[in-house]
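Here are some exercises on pockets and cores, each with a worked solution. Have the model open as you go.

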Amino acid sequence: MKKSKFDHTLPGHRLMQSAGEGAATGSSTLNLANHFLIAMPAMQDPIFGGTVVYVCEHNENGVLGVVINKPTDMTMDVLFERIDLKLAAGSDTPIVNEPIMFGGPVQDDRGFVLHTPGARYSSSLTVTDEVAFTTSIDVLEAVAKGEGPERMLVSIGYSGWSPGQLEEEIGRNGWLTVGASADVLFDFPIAERYVAAIKLLGIDPLMLASEAGHA
């Protein structure tokens, strides 16, 4: 039997367990939930170089996010096969050909889903009116039935930072931050998401790259 990277009960995360549903809150004055983290062009990290991370939660326990522009070689149809889900008759949708993202190095044998809110799932965090984060397989079961979210992004693994760690990396100019756009998250071609996120800052990506090259 081939091993799946998705279990039938996708695990929750300690941040979600502590915060419950709703946007994260904490004692820190910096709350980057529903923001993009944009890796600076000079970042040479083999995992995060060139990435955009969507921050789902930021509180006193740390930060949870998902890389949104680093596809794996697995597509949704392959995923469905591996977790024994079959599309209902007539429910074939273009989403089955979408690639699964590498969401980050934490729990990279587990699946996580960013999607538009709507139906309630057994382990889900509502980040905003446009974005929810679900760790339970029932969201994928709904997709198989043709009843899933209108827009979604599925990842293997997530990105996590311990308390104060991300703030330190931002202070060292490792990341740019900007309020997230659901359109960039769900609709833009994967290869265009990095530049699109930078443009949300009103910055010319070419100028940013040039400055980093002379740093």
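Strands, written β below, are DSSP runs of E with at least two residues, numbered from the N terminus. Please keep in mind that this is a predicted model.

**Exercise 1.** Find which element gives the most to the lining of the largest pocket.

*Solution.*
- Start with the space itself: the largest pocket holds about 380 Å³.
- Next, go to its lining of 23 residues, where I95, E98, E150, R151 and M152 lie nearest the centre.
- Then look for elements that give two or more residues to this lining: they are β5 (99-102), β9 (152-161) and α5 (182-186).
- Of the elements, β9 gives the most, with three residues.

**Exercise 2.** Sort the linings of the two pockets by residue class.

*Solution.*
- For the largest pocket, the count is 13 nonpolar, four polar and six charged residues.
- Now turn to the second largest pocket, with a volume of about 220 Å³.
- Among the residues that line the second largest pocket are M40, D45, F48, W161, R172 and W175.
- Its lining sorts into seven nonpolar, two polar and three charged residues.

**Exercise 3.** Place L185 in the largest nonpolar core and list its contacts beyond four places in sequence.

*Solution.*
- The largest nonpolar core has 29 residues, and L185 is listed with F36, Y54, L114 and F133 as having the most contacts inside it.
- Elements that give two or more residues to this core include β1 (35-39), β2 (52-59), β9 and α5.
- With neighbours within four places left aside, L185 touches F36, Y54, I68, L114, V131, L153 and R193.
- Finally, a separate second core of 20 residues includes I95, I100, I137 and V143.

Definitions and conventions:
Residues are numbered from 1 along each chain as its sequence is written. This is a predicted model: local features need pLDDT of at least 70, side-chain atom pairs count only at pLDDT 80 or more; totals for chains, interfaces and linings use all residues. Side-chain values use heavy atoms; hydrogens and water are left out. On a 1 Å grid over the protein atoms alone, a cavity is a set of points where a 1.4 Å probe fits but cannot get out, and a pocket is an open set with protein on both sides within 12 Å along at least five of seven lines; lining residues have an atom within 4 Å of a point. Grid points are joined across faces, edges and corners, and a volume is the space filled by probe spheres set on the points. Helices (H or I, at least four residues) and strands (E, at least two) are DSSP runs, numbered from the N terminus. Ala, Val, Leu, Ile, Met, Phe, Trp, Tyr, Cys and Pro count as nonpolar, Asp, Glu, Lys and Arg as charged, and the others, Gly among them, as polar. A nonpolar core is a set of buried Ala, Val, Leu, Ile, Met, Phe, Trp, Tyr and Cys residues joined through side-chain atoms within 4.5 Å. Buried means under 20% relative accessible area, exposed over 50%, partly exposed in between (1.4 Å probe, protein chains only). Contact means heavy atoms within 4.5 Å.
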